[in-house]
Amino acid sequence: MGHAARVKHKLTVILPWPGRVLWPNNRAHWRSKATVARAARAEGYYLTPPSPGWDWGETSEIAVTYVVHPPSKRKFDSDGIESALKPYRDGVCDRLAIDDARLWPVLKKKSTVVKGGAVHMTLEQ
C-alpha cells in the first residue's frame with residue numbers, strides 16, 4: 001500500500017484574467033508590456049494573503065495548480081496562459097519569500113466561464 005503525500009502548506013490565490021499585453025503572441029512594444037507586467041506583479045503580491053509562521057523551506061519543490069476560468073468560451077492557448085501569468089506568479093512568490101524556480105510541476109485545468117475571467121492559483125507543499 002502506497003503512502004499519500006502529506007501536504008504541509010496549501011494556499012490559493014485568486015488572480016484576475018491576464019491582460020492582452022501579457023500574452024506571448026501579443027506584439028506590444030516592450031515598454032508598454034513592462035509597465036503592465038510591473039503592475040501585474042504588484043497585484044499578485046497584494047492579492048496573496050500572508051502566510052504567518054509558515055516555513056516553506058528553501059529547497060523542496062512546491063506544486064502549483066492553475067484552475068482557469070476564462071472570460072468567454074473563446075479558445076485560448078494553454079501554454080500562453082502560463083506565460084501571461086508569470087508576473088502574477090512572481091508577485092505571489094515575492095509575498096511568500098520563495099524562489100519561483102521551486103514551483104513545480106504546473107498543472108492547468110480549464111473550468112467554467114466567469115465574467116471578466118479569473119485564475120485560481122494553488123500552491124501545495
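# Notebook: strands, helix 3 and a pocket

**Strand 4.** I started with strand 4, which is mostly covered, with five of its seven residues buried. I keep in mind that this is a predicted model. Next I looked up its pairing partners. Strand 1 runs antiparallel to strand 4, and seven bridges join the two. Strand 2 also pairs with strand 4 in the antiparallel sense, again over seven bridges. So what sits across from what? I noted V119 of strand 4 as the bridge partner of L15. V119 also stands opposite V68. One step along, I found H69 opposite A118 in strand 4. Side chains in a regular strand alternate between the two faces of the sheet.

**Strand 2.** I then went through residues 62-69, which make up strand 2. How many of its eight residues are buried? I get six, so I wrote strand 2 down as mostly covered. Besides the antiparallel pairing with strand 4, strand 2 pairs with strand 3 (residues 103-110) in the parallel sense, over six bridges. As an example of that pairing, I noted Y66 with its bridge partner K108 in strand 3.

**The core.** Next I pulled up the largest nonpolar core, which has 24 residues. Which of them touch the most other members? They are L15, L103, M121 and L123. I then checked which elements give two or more residues to this core: strand 1 (10-16), strand 2, helix 2 (78-84), helix 3 (86-96) and strand 4. L15 is familiar from the bridge to V119.

I picked L103 for a closer look at contacts. Skipping neighbours within four places in sequence, I find L103 in contact with I62, V64, R89, C93, I98, M121 and L123. Two of the names on that list, M121 and L123, are also among the core residues that touch the most other members.

**Helix 3.** Enclosed or open? I counted eight buried residues out of the 11 in helix 3, so the helix is largely enclosed by the rest of the structure. The buried ones are P87, Y88, R89, D90, G91, V92, C93 and L96. R89 and C93 from this set turned up above as contacts of L103. An α-helix has 3.6 residues a turn, so residues three or four places apart point the same way. What covers the buried residues of helix 3? My list includes strand 1, helix 1 (30-47), strand 2, helix 2, strand 3 and strand 4.

**D90.** I wanted to see a charged residue on the buried list, so I went to D90, which is in helix 3. Its relative accessibility is 13%, and because the cut-off for buried is under 20%, D90 counts as buried. Leaving aside neighbours within four places in sequence, I find D90 in contact with R41 and D100. R41 is 49 residues from D90 in sequence, yet their C-alpha atoms are 6.0 Å apart.

**After helix 3.** The helix is followed by A97, in the loop between helix 3 and strand 3. Its phi caught my eye: near 55°, a positive value in a residue other than glycine. Most residues other than glycine have a negative phi. Is A97 buried or exposed? At 69% relative accessibility, A97 counts as exposed.

D99 is in that loop between helix 3 and strand 3 too. With 46% relative accessibility, D99 counts as partly exposed. I checked the distance from D99 to K73: 34 Å between C-alpha atoms, for 26 residues along the chain.

**K73.** I placed K73 in the loop between strand 2 and helix 2. At 78% relative accessibility, K73 counts as exposed. I also looked up K73 against V114: 41 residues apart in sequence, 9.7 Å apart C-alpha to C-alpha.

**Pocket.** Last, I looked at the largest pocket, which holds about 330 Å³ of space. Which of its 14 lining residues are closest to the centre? I get W17, R20, W23, R74 and F76. By class, I sorted the lining into six nonpolar, four polar and four charged residues.

Methods
Residues numbered from 1 in each chain as written. Predicted model: local features only at pLDDT ≥ 70, side-chain atom pairs only at ≥ 80, totals over all residues. Heavy atoms only, no water. Buried < 20%, exposed > 50% of the residue type's maximum accessible area, 1.4 Å probe, protein only. Helix = DSSP H or I, 4+ residues; strand = E, 2+ residues; numbered from the N terminus. Pairing = 2+ DSSP bridges. Core = buried A, V, L, I, M, F, W, Y, C linked by side-chain atoms within 4.5 Å. Contact = heavy atoms within 4.5 Å. 1 Å grid on protein atoms, 1.4 Å probe; cavity = no way out; pocket = protein on both sides within 12 Å on 5 of 7 lines; lining within 4 Å. Points joined across faces, edges and corners; volume = space filled by probe spheres on them. Nonpolar A, V, L, I, M, F, W, Y, C, P; charged D, E, K, R; others polar.
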